[in-house]
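Please open the structure in your viewer and keep the sequence beside it. The tour begins with the whole chain and then moves to single residues.

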Amino acid sequence: FNLIEFSNTENVKYAYKLEGFMKNWINIGRKNEVVFTNLSPGKYTLKVKGRNSSGIWSYKSRDLTIIIKPPFWMTIWFKIFMILLVVMFFIFIYKTRLRKIKINFENELQLKKFYLKYNISERESEIIELLVQGKTNREISDILFVSYNTIRVHIRNIYKKLNIKNKTDLF
């Protein structure tokens, strides 16, 4: 900013205030610029006045309205978007878990129908599940606290009931 003063410019002085940020006028002497950093988003009015070489301050200041818009992450639309995104994420997680539970339930139901169809006992169904998990006969006997020979007898009965010859056929 400049004061239109062509003679004796050494005696020209300036003052400013930024309404919405400060209350008092700041005398800056002959310097004819101001710099503001880190202003919060909002509306400000920069008021500038000058003093001529005769020492008379201008009776009216010059005003400049400054509007600082917030960054996008501080806008209400972004906040609403983020809330919706979080809600949608939790809905997605909920539905995914619900779908997995439903699939597990259906698989268990089908497995129970399969066991009923082939007259598989509960102990035999435990053994089948452990075999499918890749456990050996010795591991199965340790897990179920049953002798190794009992496990072999159960496996033979399972093979007969299902009309298969080995673990590969079972899988």
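Helices (H or I, at least four residues) and strands (E, at least two) are taken here as DSSP runs, numbered from the N terminus. Colour the model by these elements, and you should find 5 helices and 4 strands in the protein, which follow one another along the sequence as β-β-β-β-α-α-α-α-α. The radius of gyration, taken over C-alpha atoms, is 42 Å, well over the 16 Å that the globule rule (2.2 Å times the number of residues to the power 0.38) gives for 171 residues, so the protein is more spread out than a compact globule. If you turn the C-alpha trace along its principal axes, its span is about 120 × 30 × 25 Å.

Before selecting residues, note that this is a predicted model, in which local features need pLDDT of at least 70 and side-chain atom pairs count only at pLDDT 80 or more, whereas totals for chains, interfaces and linings use all residues. Residues are numbered from 1 along each chain as its sequence is written, and side-chain values use heavy atoms, with hydrogens and water left out.

Next, show the surface and consider burial, where buried means under 20% relative accessible area, exposed over 50%, and partly exposed in between (1.4 Å probe, protein chains only). Buried residues make up 22% of the 171 residues in the protein.

Now select the aromatic side chains: rings of Phe, Tyr and Trp (its six-membered ring) pair if their centres lie within 6.5 Å, and planes under 30 degrees apart count as stacked, over 60 as edge-to-face and the rest as tilted. The count by this rule is 8 aromatic pairs. Choose Phe 1 and Tyr 14, whose ring centres are 5.3 Å apart with planes at 70°, so this pair is edge-to-face. Phe 1 lies in the segment before strand E1 (13-19) and Tyr 14 in strand E1, so the pair ties together parts that are 13 residues apart in sequence. Phe 1 is partly exposed at 33% relative accessibility, while Tyr 14 is buried at 7%. Then add Tyr 16, Phe 21 and Phe 36, which ring pairs link into a cluster.

Finally, which strand holds Thr 45? Select Thr 45 and you will find it in strand E3 (residues 42-51), where it counts as buried at 18% relative accessibility. With contact meaning heavy atoms within 4.5 Å, and not counting residues up to four places away in sequence, Thr 45 touches Lys 17, Leu 18, Glu 19, Asp 63, Leu 64 and Thr 65.
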